[in-house]
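Colleague: Please take a close look at one part of this model for me, the second largest pocket, and then follow the charged contacts from there. I would like the cut-offs spelled out as you go.

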Amino acid sequence: MKHSIVAGGAGFVGSHLCDFLIGHGHRVTCLDNLITGKKENIGHLLGHPRFRFIQRDVTKPLPSGLGKAHYVFHLASPASPVGYMTYSIETILTNSIGTQNLLVYSQKSGAKFLFASTSEVYGNPAVHPQVETYWGNVNSFGPRSCYDESKRLGEALVYEYLHKHKVNARLVRIFNTYGPRLNENDGRVVSNLITQALKGRPLTIYGDGSQTRSFCFVTDLVRGLWKVISTPHTAGEVFNLGNPQETSILRFARLVKELCGKPGAKIVKKPLPQDDPIKRRPDITKAKKRLGWKPEIPLKEGLRLTINWYRSRI
């Protein structure tokens, strides 16, 4: 039986990954310190015989009883603006010291290692769409740098352990992802607009709404994470994972109004935050060719599923 460790497994993406792995017969150890993850995200798994939850900060020494693992997924970092700006120092340490701790464990265990990086390493891109070979345009001294630059540092650590210590490691750059369990208070555009619409409030967008994002449903992303770590000969590789269908924030807000049944809701425009990217769309040619992966859930279908989840909570 394969043993997978999911650091950050009580988070939005991490909890869906735990579901996927359990569903595919793995024994799963979930590590999470719960500063942004929620135990309720994995509540349905807590009694499962192949699932174990350990509340642990990966910047501290890892538990001695982890045993041997076949796969290590490092998703243990705040990933939303509210999360990483609130826990800015913790974010930096998780993506540096935490990454090193998990790499050392993977080296000793002989496990395949996956680092969940982010499209934010591309910053406000001068290349569009973004390809894995693009080095990015990132501000190292600003409100988003705690996340953007610590992910870049995490990537550098993966590179060094891969080449100096022969760790079987790879990384993914995750683009905007949405779905059930996305924290309604995390400051991301999907959660902001859906909760505002369902509560009958004006929908807030920033700038003139012409900035673009590409939204990938969480189950599509999780399927891609598994493809990256399980496909042979992916050690040392970088993969973009996201939906290449690009949409403006204004168009997205109008779609949310429609699907929430709030066609009369007002849209309020506020100043664009510092260092907020103007364009974001992944080039997933490499993932298609090497992994046979591409998103399958259309935006409207994914949004309906997400809205239904939020509606059940509000």
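Modeller: Happy to! Helix α4 gives the largest share of the lining of the second largest pocket, with six residues. Please keep in mind that this is a predicted model, where local features need pLDDT of at least 70 and side-chain atom pairs count only at pLDDT 80 or more, while totals for chains, interfaces and linings use all residues. Numbering starts from 1 along each chain as its sequence is written, and side-chain values use heavy atoms, with hydrogens and water left out.

The second largest pocket (an open set of points on a 1 Å grid over the protein atoms alone, where a 1.4 Å probe fits, with protein on both sides within 12 Å along at least five of seven lines) has a volume of about 190 Å³ (the space filled by probe spheres set on the points). Two elements give two or more residues to its lining, namely α4 (145-164) and β6 (169-174); helices (H or I, at least four residues) and strands (E, at least two) are DSSP runs numbered from the N terminus. In total 13 residues line this pocket (an atom within 4 Å of a point). Those that lie nearest its centre are E155, A156, Y159, L171 and V238. Sorted by class, the lining holds seven nonpolar residues, five charged ones and one polar one. Here Ala, Val, Leu, Ile, Met, Phe, Trp, Tyr, Cys and Pro are nonpolar, Asp, Glu, Lys and Arg charged, and the others polar.

Staying with helix α4, let us turn to the charged contacts. K164 and E160 meet through their side chains in a salt bridge at 3.9 Å, N to O, the rule being a side-chain nitrogen of Lys or Arg within 4 Å of a carboxyl oxygen of Asp or Glu. Because K164 and E160 are four residues apart in helix α4, about one helical turn separates them. K164 is exposed, with a relative accessible area of 63%, whereas E160 is partly exposed at 35% (buried is under 20%, exposed over 50%, partly exposed in between, with a 1.4 Å probe and protein chains only).

By the salt-bridge rule, the count comes to 15. Another of these pairs joins E40 and R313, at 2.9 Å from N to O. E40 sits in the loop between β2 (27-32) and β3 (51-55) and R313 in helix α9 (residues 299-313), so this salt bridge ties together parts that are 273 residues apart in sequence. R313 is partly exposed, with 35% relative accessibility. E40 and R313 also belong to a network of salt bridges that includes E184.

R281 and E246 pair as well, with their closest N and O atoms 2.8 Å apart. R281 is in the loop between β13 (267-270) and α8 (285-291), while E246 is in strand β12 (residues 246-248), so the pair ties together parts 35 residues apart in sequence. Both partners are partly exposed, R281 at 23% and E246 at 28%.

For a sense of distance, take K60, in the loop between β3 and β4 (71-74). K60 is partly exposed at 47% relative accessible area. From C-alpha to C-alpha, K60 and T247 are 40 Å apart in space, and their positions lie 187 residues apart in the numbering as a sequence separation.
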